[in-house]
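Trainee: I am new to this structure and would be grateful for a guided introduction. May I put my questions one at a time?

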Amino acid sequence: MSVKIEELNNIELDALREVGNIGAGNAATALSQVLNKRIDMSVPRAKVLELSKVPEILGGAEKLVVGVYLKIYGDIQGSIMFLLPTESAEELIETLLGESEPEGLAGEISQSAIMEVGNILSSSYLNALSEFANLTVVPSTPALAYDMAGALFSTILIELSEVSDYALLIETEFTSDGREIDGSFFMLPDVDSLHILLKSIGVS
Amino acid sequence: MNASIKIGIADYKVSKSPDRLVTLGLGSCVGITMYDQINKIGGLAHIMLPKNNNPEKRSPKFADDAIEDMLGELLKMGVRTRNIQTKIIGGAQMFSFAGANNKKSVGHRNVVAVKQILEELKFRIKAEDTGGTFGRTIELNLENGELRVKTIGHGEKII
């Protein structure tokens, strides 16, 4: 049995949003412990978009961002992308390391620190999801890129594009107290995993 | 009227001088331009995948479908095959996972496939800017065939 992304109904999208909510709640707690800062999360959104529209969602395809990309393995497969605009990424580094990094975001220390944040967010997100849906789901090691948002997003969509012209994005925004750090967390389940995910949470 | 025509991912468009064809943020995807310098007509495709294995469902997300369909439209607009200059851009590896093999990256596979398709159609590639680990925005000027390649932190050039 397979589910088509573009045919998801409102009940299914609501359920997927709830999955996002549970994952993101746990991830926000973890992030707030790491940064020792209060972290707010937005109400997650579950969006169905044509592939060609995805690179535009974060204020334009040419916007310079830092992206941490992880693959999802286990009972369901998919991708996770955590995106930070430049200023937010710099602020995150400063909060984590206690000082600004002379080499900036191109430096190895900055990049591994941001990857680790992506790793913590993804692991805690997927842990909560695993528990809630009673599935075994784990993230891969993280990979990082500092470049145009469109170039990052189109790249992670390539695998999905082999089987679908649409993408499902479960999006949550994480914001620090004063909004100095503002990151967007996206989970994109693979098409073949949708019915497993929906079934395990009691929908469909 | 000099228009800047934007091409999204998994799409192609054709037009004529003095328009400009633009695609933003090529990562592992590949941009393919075709330009007839005599008639000043050209096209730009932004492909995601090498080859379509389902002939029932054509889509410009595949290099083979995009190139064939774009060429078909260009010929309808009066382009002569022998005037066509082709250029290819993109196919970067945006993310590298520990232990992953660069030769197997989707960007690399896309570039190889596009070259092969163009070769089968007997086109010579006039210029290319492919590979690397960074994104590219490109703009084809249909007045003169110049292709501007912009990056973040890796310069800007005309090929």
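Mentor: Please do. Let us begin with K40(B), which is found in the loop between β4 (30-36) and β5 (41-47) of chain B. Please bear in mind that this is a predicted model.

Trainee: Is K40(B) buried, partly exposed or exposed?

Mentor: The class depends on the relative accessible area, and a residue is buried under 20% and exposed over 50%. For K40(B) the relative accessible area is 33%, so this residue is partly exposed.

Trainee: What is the phi of K40(B)?

Mentor: Most residues other than glycine have a negative phi. K40(B) is not a glycine, yet its phi is positive, at about 55°.

Trainee: Which loop of chain B holds A10(B), whose phi is also of interest?

Mentor: A10(B) is a residue other than glycine with a positive phi, near 60°. Its place in chain B is the loop between β1 (4-6) and β2.

Trainee: Which residue does a cis peptide bond join to S17(B)?

Mentor: Most peptide bonds are trans. Here omega is about 10°, and the bond is cis. The partner lies in the loop between β2 (11-16) and β3 (20-26) of chain B. The residue joined to S17(B) is P18(B).

Trainee: Let us turn to chain A. Is L84(A) buried or exposed?

Mentor: L84(A) lies in strand β4 (residues 78-85) of chain A. Beyond four places away in sequence, L84(A) touches several residues, among them V65(A), L92(A), I114(A) and I181(A). Its relative accessible area is 0%, and because buried means under 20%, L84(A) is buried.

Trainee: How much area is buried between chain B and chain A, and which three residues supply the most on the side of chain B?

Mentor: In this interface, 26 residues of chain B are in contact with 31 residues of chain A. The buried area is about 2200 Å², of which carbon and sulfur atoms give 69%. Of the area that chain B buries against chain A, 32% comes from three residues, more than from any other three: F95(B), F97(B) and I152(B).

Trainee: Which residue of chain B meets D165(A) in a salt bridge?

Mentor: The count between chain B and chain A is 2 salt bridges. In one of them the side chain of D165(A) takes part, at 2.6 Å, N to O. Its partner is K61(B).

Trainee: Finally, which element gives the most to the side of chain B that touches chain A?

Mentor: At least two residues each are supplied by β3, α2 (106-120) and β8 (136-141) of chain B. With 3 residues, the element that gives the most is β3(B).

Key:
Residues are numbered from 1 along each chain as its sequence is written. Chains are lettered from A and ligands numbered from 1 in the order in which they are written. This is a predicted model: local features need pLDDT of at least 70, side-chain atom pairs count only at pLDDT 80 or more; totals for chains, interfaces and linings use all residues. Side-chain values use heavy atoms; hydrogens and water are left out. Helices (H or I, at least four residues) and strands (E, at least two) are DSSP runs, numbered from the N terminus. Buried means under 20% relative accessible area, exposed over 50%, partly exposed in between (1.4 Å probe, protein chains only). Contact means heavy atoms within 4.5 Å. Buried area is the accessible area (1.4 Å probe) that two parts lose on being put together, summed over both. A salt bridge is a side-chain nitrogen of Lys or Arg within 4 Å of a carboxyl oxygen of Asp or Glu.
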